[in-house]
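Hi everyone, thanks for coming. I'll take a few minutes to walk you through a structure that is new to most of you, so have a look at the screen.

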Amino acid sequence: LTLLAKESGIDGLVCSGHEVAAARKLWPGGFFVVPGVRPATAGNHADQKRVMTPRAALDAGASILVIGRPITQAEDPDAAARAIEATL
C-alpha cells in the first residue's frame, strides 16, 4: 500500500507506528502521520489497540504525531503537552 500511495502521486499516508518504519524504508521521502501515540505514563489506551510512545514513533519514522486524548482529557492539557514534548 505504501508503494501504491507513492506511485499515485500523493505526499504521504496515515499509518500505525508499528508500520511506519517499513513504510519509511519503501518511501524515504514520504510524509507519515501516525495516530495512536500515547506517552509511556498513559495507562489508558481507550479505543487504541496499537499504541506507541511519541519518541518511539518519531524514531520509527513518523513525520506528524497524533496525540489527542492524553492532552485533551488531561486535568492540565498544557502541562500534559509540555510533559510529552519533554520526552522528544
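Let's start with Val34, which stands opposite Leu65 in strand 3. Before I go on, a reminder that what you see is a predicted model. So, Val34 belongs to strand 2, residues 31-34, and that strand runs parallel to strand 3, with two bridges joining them.

Now look at the other neighbour. Strand 1 and strand 2 are joined by three bridges, and they run parallel too. If you want a pair to look for here, take Leu13: its bridge partner in strand 2 is Phe32.

Put those together and what order do the strands come in? It's 1-2-3, in an open sheet of three strands with parallel pairing. The edge strands are strand 1, at 12-14, and strand 3, at 64-65, and each of them pairs on one side only. As a general reminder, the strands of a sheet pair through backbone hydrogen bonds, in a parallel or an antiparallel way.

Stay with strand 2 for a second, and check its two faces. Phe32 and Val34 are on the covered face, while Phe31 and Val33 are on the uncovered one. And how do we get from strand 1 over to strand 2? Together with helix 2, residues 20-26, these two strands make a β-α-β unit, and it is right-handed.

Okay, on to the salt bridges. How many are there? The count comes to two.

One is between the side chains of Asp59 and Arg55, at 3.0 Å from N to O. These two residues are four apart in helix 3, so about one helical turn separates them. Asp59 counts as exposed, because its relative accessibility is 57%. Arg55 has a relative accessible area of 32%, so we call it partly exposed.

The other salt bridge joins Arg82 and Asp78, and here the closest N and O atoms are 3.0 Å apart. Again we're inside a helix, this time helix 5: Arg82 and Asp78 are four residues apart, so there is about one helical turn between them. Arg82 is at 53% relative accessibility, so it counts as exposed. Asp78 is partly exposed, with a relative accessible area of 45%.

Last stop, the largest pocket, with a volume of about 160 Å³. You've already met one of its lining residues, Arg55. The others on the list are Pro39, Ala40, Thr41, Thr53, Pro54, Pro70, Ala80, Ala83, Ile84 and Thr87.

What kinds of residues are these, by class? Seven are nonpolar, three are polar and one is charged. Which helix gives the largest share of the lining? That's helix 5, with three residues. Helix 3, at 54-60, and helix 5, at 77-86, each supply at least two residues of that lining.

That's my tour. Happy to go back to any part of it.

Terms used: Residues numbered from 1 in each chain as written. Predicted model: local features only at pLDDT ≥ 70, side-chain atom pairs only at ≥ 80, totals over all residues. Heavy atoms only, no water. 1 Å grid on protein atoms, 1.4 Å probe; cavity = no way out; pocket = protein on both sides within 12 Å on 5 of 7 lines; lining within 4 Å. Points joined across faces, edges and corners; volume = space filled by probe spheres on them. Nonpolar A, V, L, I, M, F, W, Y, C, P; charged D, E, K, R; others polar. Pairing = 2+ DSSP bridges. Buried < 20%, exposed > 50% of the residue type's maximum accessible area, 1.4 Å probe, protein only. Right-handed = clockwise from strand over helix to strand, strands pointing away. Salt bridge = Lys/Arg side-chain N within 4 Å of Asp/Glu carboxyl O.
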